[in-house]
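Trainee: I'd like to learn how the descriptions of a fold follow from the numbers behind them. Could we go through one model together?

Mentor: Happily; let's bring it up and begin with the sheets.

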Amino acid sequence: MATRTKKTSAVNDAAADSHELIRVVGARVNNLKDVSVDIPKRRLTVFTGVSGSGKSSLVFDTIAAESQRLINETYSAFVQGFMPTLARPDVDVLEGLTTAIIVDQQRLGADPRSTVGTATDANAMLRILFSRLGKPHIGSPKAYSFNVPSISGAGAVTIERAGQKVKERRSFSITGGMCPRCEGRGAVSDIDLTQLFDDTKSLAEGAITVPGYKAGGWNYRLYASSGFFDAEKPIKKFTKKELQDFLYREPTRMKIEGINMTYEGLVPRIQKSMLAKDKEAMQPHIRAFVDRAVAFTTCPDCDGTRLAAPARSSKIGKVNIADACAMQISDLAEWVRGLDEPSVAPLLTALQEALDSFVEIGLGYLSLDRASGTLSGGEAQRVKMIRHLGSSLTDVTYVFDEPTIGLHPHDIQRMNELLLRLRDKGNTVLVVEHKPEAITIADHVVDLGPAAGSGGGQVCFEGTVDGLRKSGTSTGRHLDDRSTVKTSVRKPEGALTIRGASMHNLQDVDVDIPLGVLVVVTGVAGSGKSSLVHGSLPKQPGIAETGVVSIDQGAIRGSRRSNPATYTGLLDPIRNAFAKANGVKPALFSANSEGACPTCNGVGVIYTDLGMMAGVSTVCEDCEGKRFDASVLEYHLGGRDISEVLAMSVDEAEAFFADGEARTPAAHRILTRLKDVGLGYLTLGQPLTTLSGGERQRLKLATHMAEKGGVYILDEPTTGLHLADVEQLLGLLDRLVDSGKSVIVVEHHQAVMAHADWIIDLGPGAGHDGGRIVFEGTPADLVSSRATLTGQHLAEYVGA
């Protein structure tokens, strides 16, 4: 009997140990072409390939998405009703999946009340700490929260007791920490009235200068016919009551020109219609007006701390909670370490571990009161990593999307150690990555390609890093590429002067940025690069006349109806060309307007919602996925209908609109820019939601290249770019400079540094250890001096 049990146990062990792989068979998500791979568990696997080759489609949209869907299915139908419904990825077999934890580059919420502290739970622990130890004691942890307002109330309540109704007086109060003036935002908006109207004119003469309030329009008639003031009288001659009614009157129901309407003062009306909206979603002319008319100033009551006076009065020693949140996290960790209070020992230990995780991951230079919307993509990703570092979970699949983004070569080594530590705890670590320093630590490499878009989606290589080097794939050939430092650099044509820059951690910096050349601003993460370039440079006198085009890392917004043609403005000249050639109106050639297929409303597919089950999407039978009404497809330009044009790649369309019957110079110019940034393979109608991070970055770059400006500021343009694509980007930067532009690049990539005409290096460290200029000069001088961390890594990179 014992023998039989032993034999059965051995068989079971062998069966359990056989599940050492994540098997993917026949994946067809986005551009994947029946991809099949075996990924070893409890190993570090890096996915490489050119931007748009299908890495994210395989790792995030197939493996991680199916893992999350299967976990969601373990909950009850009631709970699933509150969760996002995920469709099963288009794949034949997925075996050996474990729980997937996704750490992606999605920016943290840009809500003004969201900070680094609230996003990581460090604030929650600090609030409890102050509610226990703060003197004077002002209340519960809510009293220290800038998201909780203080409210109180009193009144009579009716209670039925022993068959009788009894009235009792009740009162309640909640002590919150929110500053009542700025409502926990730390800043108050101030409207500049001179930007709303010209007081020398009357309403009839067009005194209101707000977009959409032209004389004769509905908005104008609301005020002119209200009867509260004379529309023919200049505003500066209004009485005090007339001006009050014009600007601030409360909503009032009245009849205007025979129609029931609500009259409201101009200021509250603009606050509701324009200032309550997301600025990014506004039309350009309205956004320009908001920038002009509204000034955000630090709240005078709380001095930008967001907290009410009682919360600021309660202290531990000489430190209140606002002071603690404003400290650099590395300093705050030391302060917490110095607190010796047995009554809250477990809390102090947990808080200490959380703050030490920030320092360990290279974010010790941040402060807890830093708005989360101001973090770069790389910083946001590392903030999300913090909660996983101390986790006791094992046999989990961690999925990372370019964790080295925004990291100086000096910091990449630390990130590599963290990834290896997660693996060594018994986890499977999947990383999408382009940096050679991060690829070389992999146990297993999957290289996708050979090209991007429709030319990619295949596994070109699977194996070790040494095997990749010998494989002859694009990644293998470029893995050991090293740029050489320029022997001759361009001569500057003047300079932009920055004097006394002290934003964030900058320490009264004076610097001259040469014009007419390629300038690279570099330094370790948190040294003050973005503060200098994005914060201080635009405020310098004379910069507005130069014309600055700033291209940051902000995400492209767009639904599944958006595509490269709509985002870049390419569709407008195409629609006009079709309309002119066929003698009809342009709106017919928009799938979001009159030309849309009536069955699917121009989406091309029909979605069926199945409650807590994953929704089903089927191709529209009427338009066969072309998105347009059949009558619209009868109109042609150069022998093609509008759906065929949107199915073209950028390369095809560039040739199509260059000459012949379809010649459209406006469209050709935009397509040439898309080709210049290496997006020739994209189809014009591909939904923006299916583009990779690198493709979105370059799409944004192509759009901004049309803007008129003498100075281009680019924030880490190599983000999401393959080693082979970086060469193309350098060629584009050269063309910009040679055409007479000045290009300033904030960058960590050594190939871009080596290609620069002038380098400005900030440091020497991060946070209050940085914020100083440690080097200015040519790349050759930086390499020969090796005086800074950047110089040492650049010298190592170029083999000097």
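Trainee: What is the strand order in the open sheet of six strands, and what is the pairing?

Mentor: Keep in mind that this is a predicted model. The order is β21-β24-β25-β20-β26-β27, and the pairing is mixed.

Trainee: What makes β21 and β27 the edge strands?

Mentor: β21 (548–551) and β27 (772–777) each pair on one side only. From one strand to the next, the twist averages 15°.

Trainee: How do you know that β24 and β25 pair?

Mentor: Two strands pair if DSSP finds at least two bridges between them. Strand β24 (residues 711–715) and strand β25 (residues 742–746) have five bridges, in the parallel sense, so they count as paired. As one example, Y712 has V743 in β25 as its bridge partner.

Trainee: Which helix packs on this sheet, and which strands are touched?

Mentor: That is helix α27 (residues 723–738), which touches β20 (518–523), β24 and β25. The direction of α27 makes about 145° with that of β25.

Trainee: Now the open sheet of three strands: what are its order and pairing?

Mentor: The order is β2-β1-β4, with antiparallel pairing. Its edge strands are β2 (35–40) and β4 (91–95). Neighbouring strands here are turned by 5° against each other on average, direction ignored.

Trainee: How do you know that β1 and β4 are joined?

Mentor: Four bridges link β1 (residues 21–27) to β4. Pairing takes at least two, so this count qualifies. Within the pair, R23 is matched with E95 of β4.

Trainee: Which helix lies across these strands, and what is the span of α2 against the expected value?

Mentor: Helix α2 (residues 55–72) lies across β1, β2 and β4, at about 60° to β4. Its 18 residues reach 24 Å from first C-alpha to last, close to the expected 26 Å. There is also a kink of about 35° in α2, centred on A65.

Trainee: What makes a residue of α2 "buried", and which ones are?

Mentor: The word applies under 20% relative accessible area. Among the α2 residues called buried are L58, V59, F60 and I63, together with E66 and R69.

Trainee: Last one: why is α7 called roughly parallel to α8?

Mentor: Helix α7 (residues 240–248) and helix α8 (residues 266–275) pack at about 10°, with axes 4 Å apart. Angles under 35 degrees count as roughly parallel, so α7 and α8 earn that label. Where they meet, F246, L247 and Y248 in α7 face L266, V267 and P268 in α8.

Conventions:
Residues are numbered from 1 along each chain as its sequence is written. This is a predicted model: local features need pLDDT of at least 70, side-chain atom pairs count only at pLDDT 80 or more; totals for chains, interfaces and linings use all residues. Side-chain values use heavy atoms; hydrogens and water are left out. Axes are lines fitted to C-alpha atoms, for helices over the stretch in contact, and angles run from 0 to 180 degrees between N-to-C directions. Contact means heavy atoms within 4.5 Å. The expected span of a helix is 1.5 Å times one less than its number of residues. The bend at a residue is the angle between axes fitted to the seven residues ending there and the seven starting there. Buried means under 20% relative accessible area, exposed over 50%, partly exposed in between (1.4 Å probe, protein chains only). Angles under 35 degrees count as roughly parallel, over 145 as roughly antiparallel, 65 to 115 as roughly perpendicular and the rest as oblique.
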